[in-house]
Amino acid sequence: MATLLGFDFGPRKIGVAVGQTITGSASPLTTLRSRERRPDWHLIETLVRDWQPSALVVGLPYNMDDTEAEWAAAARRFARQLQARFGLAVHLVDERLTSIEARRQLGRGADSLAVVDAMAARLILETWLGEQH
């Protein structure tokens, strides 16, 4: 069984989820606020240390016409930085519509966008896990 962390990267906040390969499922964990448009590396390091994942999964934003969204380059940069900082495999997965699906699943109780980001990270991670089976 391997544990993984999933990330829904955004310039102002990053949703985080944790999942396991044995169940193929994930759970929303938290949403981190960026500082001056930079990831909070201290909090990310704490999550990596606490959960000891074997790999990381980052959502790559796409438009509906299969082109990469304008912030895809920033998501790719974040993935490269994760790999360089922690020495773990980092997988990219299409995150198209995950935020919309997260809002749908949360229903009217989704007052906090932070909850939506963590739920989107869960969906991103479960997408990757599902592609592995």
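## What covers helix α1

In this predicted model, the buried residues of helix α1 are covered by elements that include β1 (3-8), β2 (13-20), β3 (25-33) and α2. The buried residues of α1 are W41, I44, T46, L47 and V48. The helix itself spans residues 41-51. With respect to the strands, α1 lies across β1, β2 and β3, and its direction is at about 155° to that of β3.

## The packing of α1 and α2

Helix α2 comprises residues 72-86, and its axis is 12 Å from that of α1. The two helices pack at an angle of about 60°; α1 and α2 are therefore oblique to each other. Their crossing is right-handed.

On the α1 side, the contact is formed by W41, I44, E45 and V48, which meet F78, Q81, L82, R85 and F86 of α2. By character, the residues of this contact divide into six nonpolar, one polar and two charged. Three of the α1 residues in this contact, W41, I44 and V48, also appear among the buried residues of α1.

Helix α2 also meets the strands: α2 lies across β1, β2, β4 and β5, running at about 170° to β4.

## The five-stranded sheet

The strands form an open sheet of five, in the order β3-β2-β1-β4-β5, and the pairing is mixed. Strands β3 and β5 are the edge strands, each pairing on one side only. On average, neighbouring strands of this sheet are turned by 25° against each other, with direction ignored. In general, the strands of a sheet pair through backbone hydrogen bonds, either parallel or antiparallel.

## Strand β4 and its neighbours

Strand β4, residues 55-60, is mostly covered, since six of its six residues are buried. A55, V57 and G59 point one way from the strand, whereas L56, V58 and L60 point the other way; all of them are buried.

Strand β4 is joined to β1 by four bridges, and these two strands run parallel. Among the paired residues, L4 has A55 of β4 as its bridge partner, and F7 has V58 of β4. Towards β5 (residues 89-94), β4 is joined by six bridges, and this pair also runs parallel. Here the bridge partner of V57 is H91 in β5.

## Two residues with positive phi

Most residues other than glycine have a negative phi. Q52 has a positive phi of about 45° although it is not a glycine. Q52 comes just after α1, in the loop between α1 and β4. Q52 is exposed, with a relative accessible area of 63%; the cut-off for this class is over 50%.

D66 is likewise not a glycine, yet has a positive phi, of about 70°. This residue is found in the loop between β4 and α2. D66 is exposed as well, its relative accessible area being 54%.

Methods:
Residues are numbered from 1 along each chain as its sequence is written. This is a predicted model: local features need pLDDT of at least 70, side-chain atom pairs count only at pLDDT 80 or more; totals for chains, interfaces and linings use all residues. Side-chain values use heavy atoms; hydrogens and water are left out. Axes are lines fitted to C-alpha atoms, for helices over the stretch in contact, and angles run from 0 to 180 degrees between N-to-C directions. Angles under 35 degrees count as roughly parallel, over 145 as roughly antiparallel, 65 to 115 as roughly perpendicular and the rest as oblique. A crossing is left-handed if the near helix is turned anticlockwise from the far one by less than a right angle, and right-handed if clockwise. Contact means heavy atoms within 4.5 Å. Ala, Val, Leu, Ile, Met, Phe, Trp, Tyr, Cys and Pro count as nonpolar, Asp, Glu, Lys and Arg as charged, and the others, Gly among them, as polar. Buried means under 20% relative accessible area, exposed over 50%, partly exposed in between (1.4 Å probe, protein chains only). Two strands pair if DSSP finds at least two bridges between them.
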